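Work through the exercises below with the sequence and the model at hand. Each task is followed by a solution in steps.

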Amino acid sequence: MLEKVKLLLGITDNSKDDLLTFLIEQAIDEVMAYTHLDCVDELGTIIIKMVAYNYNRLGTEGLSSEGYSGISFNYTEDYPAPIVRALKAKRKIITL
């Protein structure tokens, strides 16, 4: 999965491997917690997209847009809609 993430992000060396590995583990944990699935192997594409999204947001977490003349900032709280839809489609409902 690491190689696919690097390909998507255009990273050709190993300098970001530790960070990307951490982001992959974090995304897997998030997916497992949200979907209630024990195995997320079939969700690799979604996880890769989540990692790329999180990597691109480093340093600007929560910022969705900004302006300079009027000084305007907007913050986002969730993943983009296509990622959320894909996760919802795989979510296992737990009944008590």
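**Exercise 1. State how far apart K6 and E3 are in helix 1, and describe their contact.**

Step 1. K6 and E3 both belong to helix 1 (residues 2-9) and are 3 residues apart, which means that about one helical turn separates them. Helices (H or I, at least four residues) and strands (E, at least two) are DSSP runs, numbered from the N terminus.

Step 2. The side chains of K6 and E3 form a salt bridge with an N to O distance of 4.0 Å. The term stands for a side-chain nitrogen of Lys or Arg within 4 Å of a carboxyl oxygen of Asp or Glu.

Step 3. K6 is buried at 4% relative accessibility, whereas E3 is exposed at 54%. Buried means under 20% relative accessible area, exposed over 50%, and partly exposed in between (1.4 Å probe, protein chains only).

The model is predicted: local features need pLDDT of at least 70, side-chain atom pairs count only at pLDDT 80 or more, and totals for chains, interfaces and linings use all residues. Residues are numbered from 1 along each chain as its sequence is written, and side-chain values use heavy atoms, with hydrogens and water left out.

**Exercise 2. Find how many salt bridges the rule gives, and describe the ones beyond K6 and E3.**

Step 1. The count is 3 salt bridges.

Step 2. K6 also meets D17 in a salt bridge, at 3.0 Å from N to O. This pair links distant parts of the chain, with K6 in helix 1 and D17 in helix 2 (residues 17-35), 11 residues apart. Both K6 and D17 are buried.

Step 3. E42 and K90 form a salt bridge at 3.1 Å, N to O. E42 is in the loop between helix 2 and helix 3 (44-57) and K90 is in helix 4 (residues 81-90), so the pair ties together parts 48 residues apart in sequence. E42 is exposed at 59% relative accessibility, and K90 is partly exposed at 37%.

Step 4. Through shared partners, salt bridges join E3, K6 and D17 into one network.

**Exercise 3. Describe how helix 1 and helix 2 pack.**

Step 1. The axes of helix 1 and helix 2 are 10 Å apart, and the packing angle is about 110°. Axes are lines fitted to C-alpha atoms, for helices over the stretch in contact, and angles run from 0 to 180 degrees between N-to-C directions.

Step 2. Helix 1 and helix 2 are therefore roughly perpendicular, a label for angles of 65 to 115 degrees (under 35 is roughly parallel, over 145 roughly antiparallel, the rest oblique).

Step 3. Their crossing is right-handed. A crossing has this hand if the near helix is turned clockwise from the far one by less than a right angle, and is left-handed if anticlockwise.

**Exercise 4. Find the aromatic pair and classify it.**

Step 1. The whole structure holds 1 aromatic pair.

Step 2. The ring centres of Y53 and Y79 are 5.5 Å apart and their planes are at 50°, so the pair is tilted. Rings of Phe, Tyr and Trp (its six-membered ring) pair if their centres lie within 6.5 Å; planes under 30 degrees apart are stacked, over 60 edge-to-face, and the rest tilted.

Step 3. Y53 is buried at 19% relative accessible area, and Y79 is buried at 18%.
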